[in-house]
Amino acid sequence: STLRGYWFDEFKADGTDNGKLAIVEDSLEYHSIFVGHYTLGDVQFKNFVSVWNSHAMYWKVGKNFAGTDRPHVVDSLFVSDNSAPFAPPGSTLRFLGPAGPFTFFLDNTTFAGGHVGDGVICAGQHCGLDQTAQGTQSMCNVQYVLRGVKFEGIYGEQQARHIRFGISGGNPVLPIFTALDNSLGGYRSIVSGKLGGGGEPPRGV
């Protein structure tokens with residue numbers, strides 16, 4: 001039907017993306033075990049605040065926005081301090097991010113505090129678990145692009161990492177982090193330490 005062809009099909013008749021951008025703006029999330037979703041399409045988070053949560057964000061699958069290069073997360077704040085009386089037991093500062101064959105863009109976003117156990121921005125939550133038995137995880141090759149991303153007062157176990165490749169069993173090899181400025185401590189691109197032939201990853205990143 002015409003209605004179905006316009007609203008529900010993933011692609012238009014000419015093969016272009018049929019997505020329509022929606023914006024979640026000025027949302028405050030606090031004292032939750034999970035903040036986020038499993039799969040999300042053309043939805044941007046703007047002026048998003050996540051504070052004192054067990055997970056700052058939980059996001060497994062995403063995509064490029066249709067017809068625009070806007071960031072997925074912009075002008076946002078993720079913060080925790082893991083201390084009573086405000087922080088619930090087990091609260092952490094970790095963004096469990098998506099993977100897939102697309103570019104995930106974070107812009108003008110601050111991560112502050114802790115506790116950080118395994119990494120602040122963790123690429124590839126659970127990605128590839130359904131492919132492990134077949135020996136493939138090829139759909140986890142996400143590129144994270146950071147611009148104006150700040151890490152303030154980060155603390156945690158041993159050396160609290162700003163980024164992590166793969167999380168919760170997700171593929172630890174395929175994601176890549178790229179910065180358009182100094183968001184990665186002066187580095188432009190960082191690949192997984194499991195890829196041999198390069199230098200050691202920078203400390204604290």
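User: Which residues is T92 in contact with, leaving aside its neighbours within four places in sequence?

Analyst: In this predicted model, T92 is in contact with N53, S54, H55, A56, S80 and H115. T92 itself is found in the loop between strand 7 (73-80) and strand 8 (95-97).

User: What makes the pairing of the T92 side chain with the backbone oxygen of S54 a polar contact?

Analyst: The distance does a good part of it. The T92 side chain reaches that S54 oxygen at 2.6 Å, and the cut-off for a pair of N or O atoms is 3.5 Å. So 2.6 Å fits within the limit, and the pair goes down as a polar contact.

User: Why is T92 called buried?

Analyst: Its relative accessibility is 17%. Buried means under 20%, so T92 makes the cut.

User: OK, on to charges. How many salt bridges does a search of the whole structure find?

Analyst: The search turns up 4. One of them is between the side chains of D17 and K63.

User: How do you know that D17 and K63 meet in a salt bridge?

Analyst: Their N to O distance is 2.9 Å, and a salt bridge needs the Lys or Arg nitrogen within 4 Å of the carboxyl oxygen. So the pair qualifies. D17 sits in the loop between helix 1 (2-7) and strand 1 (22-25), K63 in the loop between strand 6 (57-61) and strand 7, and they are 46 residues apart.

User: Why are D17 and K63 called partly exposed?

Analyst: D17 has a relative accessible area of 27%, and K63 comes in at 22%. Partly exposed runs between the 20% and 50% marks, so both values land there.

User: What makes D118 and R94 a salt bridge, and is D118 buried or exposed?

Analyst: The closest N and O atoms of D118 and R94 are 2.8 Å apart, so they come in within the 4 Å limit. The pair ties together parts 24 residues apart in sequence, because D118 lies in the loop between strand 9 (103-113) and strand 10 (121-125), while R94 is in the loop between strand 7 and strand 8. As for D118, 16% is under 20%, so call it buried.

User: Where do D107 and R147 lie, and why is D107 called buried but R147 partly exposed?

Analyst: D107 is in strand 9 and R147 in strand 11 (residues 143-147), 40 residues apart in sequence. Their side chains meet in a salt bridge at 2.8 Å, N to O. D107 has 11%, under the 20% line, so it's buried. R147 has 34%, between 20% and 50%, so it's partly exposed.

Note on methods:
Residues numbered from 1 in each chain as written. Predicted model: local features only at pLDDT ≥ 70, side-chain atom pairs only at ≥ 80, totals over all residues. Heavy atoms only, no water. Helix = DSSP H or I, 4+ residues; strand = E, 2+ residues; numbered from the N terminus. Buried < 20%, exposed > 50% of the residue type's maximum accessible area, 1.4 Å probe, protein only. Polar contact = N/O pair within 3.5 Å; in protein donor to acceptor, adjacent residues only side chain to side chain. Contact = heavy atoms within 4.5 Å.
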